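Colleague: Could you zoom in on one threonine for me and tell me what its side chain is doing? Once that is clear, please work outwards to the rest of the chain.

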Amino acid sequence: MNNKLNKEERIHLALIKELPCSVCDAPGPSEAHHIKQGLQYTCVALCVDCHRGPVLGLHGQKRMWAIKKMDGLDALNVTLKNLFKIV
């Protein structure tokens, strides 16, 4: 798999990282979580806690995700809505 990003992918990821968290709405900057590795346009904006937090995070116990009743597709939908507000 080629991990080199083209110009458009770099711009897209930079914009995602400026967005608020798509789960808890914490203000940006955010981290870009890839729903599917290697597919740059399936990234969701997540704060550190909702992304990598050991209790709340997607890579932890996913408690914030359960509280909000969200999955990756829900978060992608929120990310895209927020992205289209700024472009």
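Modeller: The side chain of T42 reaches the backbone oxygen of L39, at a distance of 2.8 Å. Keep in mind that this is a predicted model. T42 itself sits in the loop between β1 and β2 (43–46). Its relative accessible area is 22%, so it counts as partly exposed; the cut-off for buried is under 20%.

What does T42 touch, once its neighbours within four places in sequence are left aside? The contacts are H33, H34, I35, K36 and L76. As for spacing, T42 and G57 are 15 residues apart in sequence, and their C-alpha atoms are 18 Å apart in space.

I35 is worth following up, as it is one of those T42 partners. I35 also has its place in the loop between β1 and β2. With a relative accessible area of 40%, I35 is partly exposed. Not counting residues up to four places away, I35 touches T42, V44, G72 and L76. L76 therefore turns up among the contacts of T42 and again among those of I35, and I35 adds G72, where helix α4 (residues 72–86) begins. Between I35 and A45, which are 10 residues apart along the chain, the C-alpha separation is 11 Å.

Stay with α4 for a moment, because N82 is in that helix too. At 13% relative accessibility, N82 counts as buried. Beyond four places in sequence, N82 touches L19 and P20. N82 and H59 make a neat pair of numbers: they are 23 residues apart in sequence and 23 Å apart from C-alpha to C-alpha.

L19 and P20 lead on to S30, which has both among its contacts. The full set for S30, again without residues up to four places away, is I16, K17, L19, P20, C21, A45, L46 and C47. S30 is in the loop between α1 (7–18) and β1 (31–34), and at 8% relative accessibility it counts as buried. A polar side-chain atom of S30 lies 2.6 Å from the backbone oxygen of L19. If you liked the side-chain-to-backbone reach at T42, here is a second one to put on screen.

Some backbone geometry is worth a check while you are there. The peptide bond from G28 to P29 is cis, with omega near 5 degrees, and P29 lies in the loop between α1 and β1. Then there are two lysines with positive phi. K62 has phi near 60 degrees; it lies in the loop between α2 (48–52) and α3 (63–68) and is partly exposed, at a relative accessible area of 42%. K69 has a phi of about 55 degrees although it is not a glycine. Its place is the loop between α3 and α4, and with 71% relative accessible area K69 is exposed.

Now the wider picture around all this. The chain has four helices and two strands, running α-β-β-α-α-α from the N terminus. A compact globule of 87 residues would have a radius of gyration near 12 Å, and the chain agrees at 12 Å. Along its principal axes, the C-alpha trace spans about 35 × 30 × 20 Å. Buried residues are 37% of the 87 in the chain. Taking contacts with a separation of 6 or more, 43% come from residues 24 or more positions apart. The accessible surface is about 5600 Å², and carbon and sulfur atoms own 58% of that. On charge, there are 12 positive and 8 negative side chains, with the centres of the two sets 3 Å apart.

Back to your threonine, then: T42 is a partly exposed loop residue whose side chain reaches the backbone oxygen of L39 and which is in contact with I35 and L76, among others.

How values were computed:
Residues are numbered from 1 along each chain as its sequence is written. This is a predicted model: local features need pLDDT of at least 70, side-chain atom pairs count only at pLDDT 80 or more; totals for chains, interfaces and linings use all residues. Side-chain values use heavy atoms; hydrogens and water are left out. Buried means under 20% relative accessible area, exposed over 50%, partly exposed in between (1.4 Å probe, protein chains only). A polar contact is a pair of N or O atoms within 3.5 Å; within protein, one must be able to donate a hydrogen and the other to accept it, and residues adjacent in sequence count only if both atoms are side-chain atoms. Contact means heavy atoms within 4.5 Å. The radius of gyration is taken over C-alpha atoms; the globule rule is 2.2 Å times the number of residues to the power 0.38. Accessible areas come from the Shrake-Rupley method with a 1.4 Å probe; for residues, only the protein chains shown count as cover. Lys and Arg count as positive and Asp and Glu as negative; His and the chain ends are not counted. The place of a charge is taken as NZ of Lys, CZ of Arg, CG of Asp or CD of Glu.
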